[in-house]
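Biologist: I would like a close look at a single part of this model, explained slowly enough for a first-year student to follow.

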Amino acid sequence: MAASPSTARAINDRLALRLLQREGPLTAGRLKQLTGLSRPTVADLVERLTAAGLVAVVGEAGEQRRGPNAKLYGIVAGRAHLAALDVRTEGVAVVVSDLVGEVLAEASVPITGEAGTGPAVERAVALVERTVKEAGADRLHTVGIGAPGLIDPASGALRDSTGLPEWHRRLVDALQERLPEARVSVENETNLAALAEQRDGAAGDRDTFVLLWLGHGTGAAVILDGALRRGASGGTGEIGFLPVPGTDGLPSATDCAGGFHSLVGAAAVAELAAEHGLVTASAADPAAAEAVRAAAREAGPASAGARFLDALADRIVVGVASVVALLDPGCVVLGGEVGQAGGEALASRVRDRLAVVSPLPTEVRASALGGGAVLRGALLTARDRAQDELFGSPVPWCSDPAG
């Protein structure tokens, strides 16, 4: 069944917008080449999208040619503003961008639950409002939030967890109340990190891989055939609860102590570094990453740093081998601050050990984005949602079935 003229126009408009999103500003001639549409059709769609406020002239092509240079058309970046949040147990980071993802303002603030849930929520919301103002934005179209914990696959809400601060769950509702026009959504932080590594990081050439998050917490994200897999209850990748040898006991339904987290969480990594004579600071998270980074930088064959990385790799491979045996992803990215800090020195050690215990060929790569992957993933998903809504909505000329 042939598409109606109005449907065909909507399809062409969306195709052109996607090309402008992917390629950046283009001339009408280049749009004609990339879409395969006729010159009059391209001229019509450019006129429609310009009138709809989605596309504007952003410059001229620098071609040497007779006559005037061709106009360059680009997406109107200011048509919508977006915010992304990385919510940790100890604070919040936020960025505000335009519709094409250019960061306009960013800020962070430490937050603890010691002052109470209400003040903690208010401090986080105030940070967002202040950053939006600094970005020069009147309002937000979409807000993407990355947070630890389980996301209910039915409601999309952050599920209650005894191991996480109450202000995390309250923050999502508070932002929606204070920003009533914005579309607010939350996703597990490790899932967002995996999406960012696939789009902009270490897994850009993979449509199937697992990201193992090594930071304050421990988690995994599973990408199979290009799709993020969340599981029946949203708990795919809760590898910190995996019972493993080498711990003092077993994890419980409410506490991952005794699970894989006890071997490779930031506190355990910092303690392991101290056991090998590596000086660490008092705060576990930055101390763990810094100890791994220093060891990777100075890991001579018989050095304390090399022995520390060997011991850490012995721990990490226990979880990696379990993931590989179940999913056969072909690639595992060591993510988070610790995974990035270890670089190839740590990744190669885990890779070598995995080859001994698993018959399945698997690449092991270091994160390219580290802890920043969560915020990057939240921004990418917010941008995708906003563009899907704005680009997918029929422009006025497409509302008439008769064309």
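In which handedness of crossing does α10 pass α11?

Modeller: Keeping in mind that this is a predicted model, α10 passes α11 in a right-handed crossing. Helix α10 covers residues 304–327 and helix α11 covers residues 336–357, and their axes come within 8 Å and cross at roughly 50°. That angle makes α10 oblique to α11. On the α10 side, the residues that meet α11 include Ala-306, Leu-309, Asp-310, Leu-312, Ile-316, Val-320 and Val-324, while among those on the α11 side are Leu-346, Arg-349, Val-350, Arg-353 and Val-357. Sorted by kind, the residues of this contact divide into 14 nonpolar, no polar and 4 charged.

The other surroundings of α10 bring in a sheet, since α10 also lies across β9, β10 and β12 and runs at about 155° to β9. These strands belong to an open sheet of 5 strands, which has the order β11-β10-β9-β12-β13 and mixed pairing. At the edges stand β11 (227–229) and β13 (363–366), and each has a single partner strand, so one side of each is left without a neighbour in the sheet. If direction is ignored, neighbouring strands of this sheet are turned by 25° against each other on average.

Within the sheet, strand β9 (residues 209–214) pairs with strand β12 (residues 331–335) in the parallel sense over 4 bridges, and the bridge partner of Trp-213 in β12 is Gly-335. Helix α6 (residues 189–200) packs on this sheet too, where α6 touches β9, β10 (218–224), β11 and β12, and its direction makes about 50° with that of β10.

The loop between β9 and β10 contains Gly-217, a residue that is partly exposed, with a relative accessible area of 24%. Although Gly-217 and Gly-240 are 23 residues apart in sequence, their C-alpha atoms are 7.6 Å apart in space.

A last pair of strands can be set beside this picture. Strand β7 (residues 142–147) and β8 run parallel and are joined by 6 bridges, with Val-186 in β8 as the bridge partner of Ile-145. Of the 6 residues of strand β8 (residues 183–188), 5 are buried, so β8 is largely enclosed by the rest of the structure.

Terms used: Residues are numbered from 1 along each chain as its sequence is written. This is a predicted model: local features need pLDDT of at least 70, side-chain atom pairs count only at pLDDT 80 or more; totals for chains, interfaces and linings use all residues. Side-chain values use heavy atoms; hydrogens and water are left out. Buried means under 20% relative accessible area, exposed over 50%, partly exposed in between (1.4 Å probe, protein chains only). Helices (H or I, at least four residues) and strands (E, at least two) are DSSP runs, numbered from the N terminus. Two strands pair if DSSP finds at least two bridges between them. Axes are lines fitted to C-alpha atoms, for helices over the stretch in contact, and angles run from 0 to 180 degrees between N-to-C directions. Angles under 35 degrees count as roughly parallel, over 145 as roughly antiparallel, 65 to 115 as roughly perpendicular and the rest as oblique. A crossing is left-handed if the near helix is turned anticlockwise from the far one by less than a right angle, and right-handed if clockwise. Contact means heavy atoms within 4.5 Å. Ala, Val, Leu, Ile, Met, Phe, Trp, Tyr, Cys and Pro count as nonpolar, Asp, Glu, Lys and Arg as charged, and the others, Gly among them, as polar.
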